[in-house]
Amino acid sequence: MNGQKPAYAPAIKVSPDHQPDALEYVRRYYGVPAELGKRVVYNGTPATIIGARHSYIIVWRDGEPWENAVMAHPTWRMDYNDGKGWRT
């Protein structure tokens, strides 16, 4: 990450696969601060949460085409900024 942390996305495009209830489930079950538009670091790459499906979040990695958005486990190689700093 070169010491740089991503900023929050000002506006986002939401995945057509997004299930709003799934995002709430992910927050409660895994205890992570996952929200639409939240900037995260996924597997070492800055990304934006653009949705959730079942118990996974959908992330769009910086520099990747929109079509390459991926479903990712909310706790596997995922870093969040919860307002108190970055955490895994």
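**Exercise 1. The aromatic cluster**

Task: In this predicted model, find which residues form one aromatic cluster and classify the ring pairs within it.

Solution.
- Step 1. The cluster consists of Tyr25, Tyr29 and Tyr30. A search of the whole structure gives three aromatic pairs.
- Step 2. Take Tyr25 and Tyr29. Their ring centres are 5.3 Å apart and their planes meet at 15°, so this pair is stacked. The cut-off for stacking is under 30 degrees.
- Step 3. Place this pair on the backbone. Both tyrosines belong to helix H1 (residues 20–30), four residues apart, which means about one helical turn separates them. In general, an α-helix has 3.6 residues a turn, so residues three or four places apart point the same way.
- Step 4. Check exposure. Tyr25 is partly exposed at 32% relative accessible area, whereas Tyr29 is exposed at 55%.
- Step 5. Now take Tyr29 and Tyr30. Their centres lie 4.9 Å apart, with 80° between the planes, and the pair is edge-to-face. Edge-to-face requires over 60 degrees. Tyr30 is partly exposed, with a relative accessible area of 24%.

**Exercise 2. The two sides of H1**

Task: Determine which residues of H1 are buried and which exposed residues sit on the face turned away from them.

Solution.
- Step 1. List the buried residues of H1: Ala22, Leu23 and Val26.
- Step 2. Look down the helix axis. The buried residues fall within an arc of 105°, so they line one face of H1.
- Step 3. Turn to the face pointing away from the buried side. Pro20, Asp21 and Arg28 are the exposed residues there.
- Step 4. Find the packing partners. The buried residues of H1 pack against strand E2 (45–53) and strand E3 (56–61).
- Step 5. Leave the helix. Gly31 follows H1 and has a positive phi, near 65°.

**Exercise 3. The strand order**

Task: Work out which strands pair with E2, and follow the pairing outward to E4 and E5.

Solution.
- Step 1. Start with E2 and E3. They are antiparallel, with six bridges. Ala47 has Arg61 in E3 as its bridge partner. The two strands make a hairpin with two residues between them, and His54 in the turn has a positive phi of about 55°.
- Step 2. Go on from E3. Three bridges link E3 to E4 in the antiparallel sense. Here Ile57 has Ala72 in E4 as its bridge partner.
- Step 3. Return to E2. E1 pairs with E2, antiparallel, over four bridges. This is a hairpin too, with two residues between the strands; Asn43 in the turn has a positive phi of about 55°.
- Step 4. Cross E1. Three bridges join E1 to E5, again antiparallel. Val40 stands opposite Ala47 in E2 and opposite Tyr80 in E5.
- Step 5. Read the side chains of E1. Arg39 and Val41 point one way, Val40 and Tyr42 the other, and all are buried.

**Exercise 4. The core**

Task: Identify which residues have the most contacts inside the largest nonpolar core, then trace what Ile57 touches.

Solution.
- Step 1. The largest nonpolar core has 16 residues. Ala34, Ile57, Val59, Met78 and Tyr80 have the most contacts inside it.
- Step 2. Assign the elements. H1, strand E1 (39–42), E2, E3, strand E4 (70–72) and strand E5 (78–81) each give two or more residues to this core.
- Step 3. Take Ile57. Leaving out residues up to four places away in sequence, its contacts include Leu23, Val26, Ala34, Ile49, Met78 and Tyr80.
- Step 4. Connect this with the helix. Leu23 and Val26, both touched by Ile57, are among the buried residues of H1.

Methods
Residues numbered from 1 in each chain as written. Predicted model: local features only at pLDDT ≥ 70, side-chain atom pairs only at ≥ 80, totals over all residues. Heavy atoms only, no water. Phe/Tyr/Trp six-rings, centres within 6.5 Å; stacked < 30°, edge-to-face > 60°. Buried < 20%, exposed > 50% of the residue type's maximum accessible area, 1.4 Å probe, protein only. Arc of directions from axis to C-beta. Contact = heavy atoms within 4.5 Å. Core = buried A, V, L, I, M, F, W, Y, C linked by side-chain atoms within 4.5 Å. Pairing = 2+ DSSP bridges.
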